[in-house]
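Let's take a walk through this protein together, from its overall build to a few individual residues. Have the viewer ready, and turn the structure as you read.

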Amino acid sequence: MSLNGMGFKNRGEIMSLILGIDTGGTYTDGVIVEYGDKKILHKAKSLTTREDLTIGIENCMKNLDFTDFEEISLVSLSTTLATNAIVEGKGRKTGVILIGDCPEGKLPSNDITVLDGKFDIKGRVIKNLKEKQVEDAIEKFRDTVDAIAISGYASVRNPEHELYVKSKVREMLNLPVACGHELTSSLGFYERTVTSILNASLIPIIVELIDATKTVLRKYDINVPIMIVKGDGSLMHESLAAEKPIETILSGPAASIIGGIFLTDQNDAIIMDMGGTTTDIAILTEGVVRKRREGAQVGGWLTRVEAAEIFTFGIGGDSYLHFNREGQLKIGPQKVWPLCVLGKRYPHLSDELEMFRKKEEYQSCSAQKTDCFMLVKNPRKLELSQLEMEIIKILEERPHSLFYIAHKLGRDPDYLDLQPLINAGVIARISLTPTDILHVEGRYNKWDKGIAEIGVNIFAERLNQSISEFLDSVNKFITSKLCIACLQSQDDYKNQSFNFMGKEDPTYSINNIFNNEGELGLLANNILEKPIVAVGAPVSAWMHKVRERLNTSLMIPEHSEVANAVGAAVGQVMETVEVLIRPDQTTKRFIVHAPWSRESFTDLETAVEYAISGAKKYVATTVKGAMSNSYNVNVFDNREDIYTEAFTTNNEDTYVETRIKVIAIGKPSLKVSFVERN
């Protein structure tokens, strides 16, 4: 992810307009960008409507206050849908076809079948596939799953078996299908299998986003290419995203990083994106954000997907303010709907909170008194207890507070556990959040301030504090957590081991940075070495205090609240392929292990020539699907020959392998021409 790579050095400026859309967990953001002059012409936000994405996207388009949609040359999307689906365990049901073995470890699906065919790690056939067994395995998944994942032992050394099974799936079933070797060149069978399963489970979700976007675009007569941001910050065409949606994990944070760089022209900075659910931080050094070498880890699953090195912390505008069992105030990491947002839509919630707050029999309750709940979806396929069915029935008409639900059921609210229904995505929690705090303080006024004030009163009473004391303590708590997030990210980036997050109270660590005179104290070596670029809707509320505490410089660029959509609009296309060449001691030939085939050659240089030529064609074909053929794709190749140190009498090193990486980079096709500068 490079700042230089985002522009067009020595080329004419782009005079067409790009529509950037970010579909997040809470909001859908949109921008109209004129790339050449780096101008944000229009911007808008709307609530994301998970039940029907077209509603939120269309509302965002309407809010743009823009009419010249015929001038749009490109539409580019970023999203957290894939990441959220993995974290929440809401990917579509996936059938798994394993070839040759079953990897050790838990997998993200229980619908698994294993076929007999197998290659060794050199890509040589140990056992051939049996056509009848393949067809029977595929037939087993008819009408029972939403997608198919295929993963074969050593398939990155020889993809023949995976490709054959994939062709049979497409012949027999009308289902999305994903192969492990198409997603990673890593030899790790377990991680590759996890990646292929998650990828297959996400295909229907990303296709739904693409289809929803197209439905809205047709209403505005917009017929242009659609690109999607990958987790490394680059773009891929919608057709590729529909095949490899796993590459969109961390798409939203990556887009925000690109947006922050674009809006500030910074080359060295800490880029912080504070959203509704999390705060995501990346370290920008000489215009580059590092990638995670081991692959992105999401929802407890280690994938083999290349993604930007982003440090994530569970603090955002919609983080859950609550008390732990010891009565201590906590923030996050769970995301909830703010009281002010849903209170505006459902005014009766204010009455319910006030009514049960004053009832004497509930004064000693330790339950979260600001909690309310709403029905999200009908749980047709879930096995529910009688109590859970009664809760759903109460919520079918409209949302209600925890105490209202407990009263209707005749239950003690302290022992009414609604978390299983939340985990299943059946209901959602509504409660006090930092967004509500901003409404009470008058720093934000989009939603219902009245219900936010009720929530703050409930918390202040429980802590025996005045309203002002409570607001002050919450703001200090949030500021401290953000300070620690910056320090922790810097330390993790430098591979140091200090754990700022280990203390229950974040102010413990932050206060030790300074001595009583306000000078740098215990943690002086950990003060930030780079300025902070802060983006996201909530940052202006707290980041100025963070700047003061850490004695650093801060930039909150104009349009920071839609930086993710900006990043989506200004990204670049990049495709990478890796090829491995290894000697076969038996045949004395050189074996090329490539995503498209396994070939052997009599000499190394011929093998290298074939590998580089084939890889260039492979990436160029992929990129040109999203590019104008009139624009030259820049292709870079890197060759690395690996030898062991000499331990023989003739003192000659032993050849082990050759690694070849080919990268293609370019901008998506636009309805404009480029003019060379003098």
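**A tour from the whole to the parts**

Of the 678 residues of the protein, 56% count as buried. Keep in mind along the way that you are looking at a predicted model. Its secondary structure consists of 19 helices and 31 strands. If you count contacts with a sequence separation of 6 or more, 67% of them join residues 24 or more positions apart. On the outside, the protein exposes about 30000 Å², and carbon and sulfur atoms supply 45% of that area.

Now to the inside. The largest nonpolar core has 57 residues, and the ones with the most contacts within this core are Phe470, Leu482, Ile532 and Met543. Which helix gives the most to this core? That is helix H15, spanning residues 467–493, with eleven residues. Apart from this core lies another one, of 55 residues, including Ile206, Ala212, Ile228 and Val298. To see how the largest core is knit together, pick out Met543: leaving aside residues up to four places away in sequence, Met543 touches Met272, Leu482, Ile532, Ala534, Leu554 and Ile556.

From packed side chains we can turn to empty space. Rolling a probe the size of a water molecule over the atoms shows where empty space is left. In this model, the second largest pocket holds about 1300 Å³ of space. Its lining is made up of 42 residues, and Thr184, Ser185, Glu306, Glu578 and Lys661 are the ones nearest the centre of the pocket. What kinds of residue form the lining of the second largest pocket? Sorted by class, there are 20 charged, eleven polar and eleven nonpolar residues. Three strands, E27 (573–584), E30 (634–644) and E31 (654–666), each supply at least two residues of this lining. E27 gives the most, with seven residues.

Next, have a look at helix H1, which covers residues 53–63. Its buried residues are Leu53, Thr54, Gly56, Ile57, Glu58, Cys60 and Met61. Among the elements that cover the buried residues of H1 are three strands, E1 (17–23), E2 (27–34) and E3 (39–47). Helix H2 (81–87) and helix H5 (189–219) also belong to that cover. After H1 comes Asp65, with a positive phi near 55 degrees.

Two more residues with positive phi are worth a visit. Ala154 has a phi near 60 degrees, a positive value in a residue other than glycine. You can find Ala154 in the loop between strand E9 (147–152) and helix H4 (160–172). Is Ala154 buried or exposed? Ala154 counts as buried because its relative accessibility is 3%, and the cut-off for buried is under 20%.

Asn551 is also not a glycine, and its phi is positive at about 50 degrees. Asn551 sits in the loop between helix H17 (539–550) and strand E26 (554–555). With a relative accessible area of 61%, Asn551 is exposed, since that term applies over 50%. Measure along the chain and Asn551 is 23 residues apart from Leu528, while in space their C-alpha atoms are 8.3 Å apart.

Our last stop is Gly252, in helix H7 (residues 251–264). Gly252 has a relative accessible area of 5%, so this glycine is buried. Which residues does Gly252 touch, not counting residues up to four places away in sequence? They are Asp22, Thr79, Thr80 and Asn564. Gly252 can also be placed relative to Asp280: the two are 28 residues apart along the chain, and 9.7 Å separates their C-alpha atoms.

How values were computed: Residues numbered from 1 in each chain as written. Predicted model: local features only at pLDDT ≥ 70, side-chain atom pairs only at ≥ 80, totals over all residues. Heavy atoms only, no water. Core = buried A, V, L, I, M, F, W, Y, C linked by side-chain atoms within 4.5 Å. Buried < 20%, exposed > 50% of the residue type's maximum accessible area, 1.4 Å probe, protein only. Helix = DSSP H or I, 4+ residues; strand = E, 2+ residues; numbered from the N terminus. Contact = heavy atoms within 4.5 Å. 1 Å grid on protein atoms, 1.4 Å probe; cavity = no way out; pocket = protein on both sides within 12 Å on 5 of 7 lines; lining within 4 Å. Points joined across faces, edges and corners; volume = space filled by probe spheres on them. Nonpolar A, V, L, I, M, F, W, Y, C, P; charged D, E, K, R; others polar. Areas by Shrake-Rupley, 256 points an atom, 1.4 Å probe, with all protein chains shown as cover.
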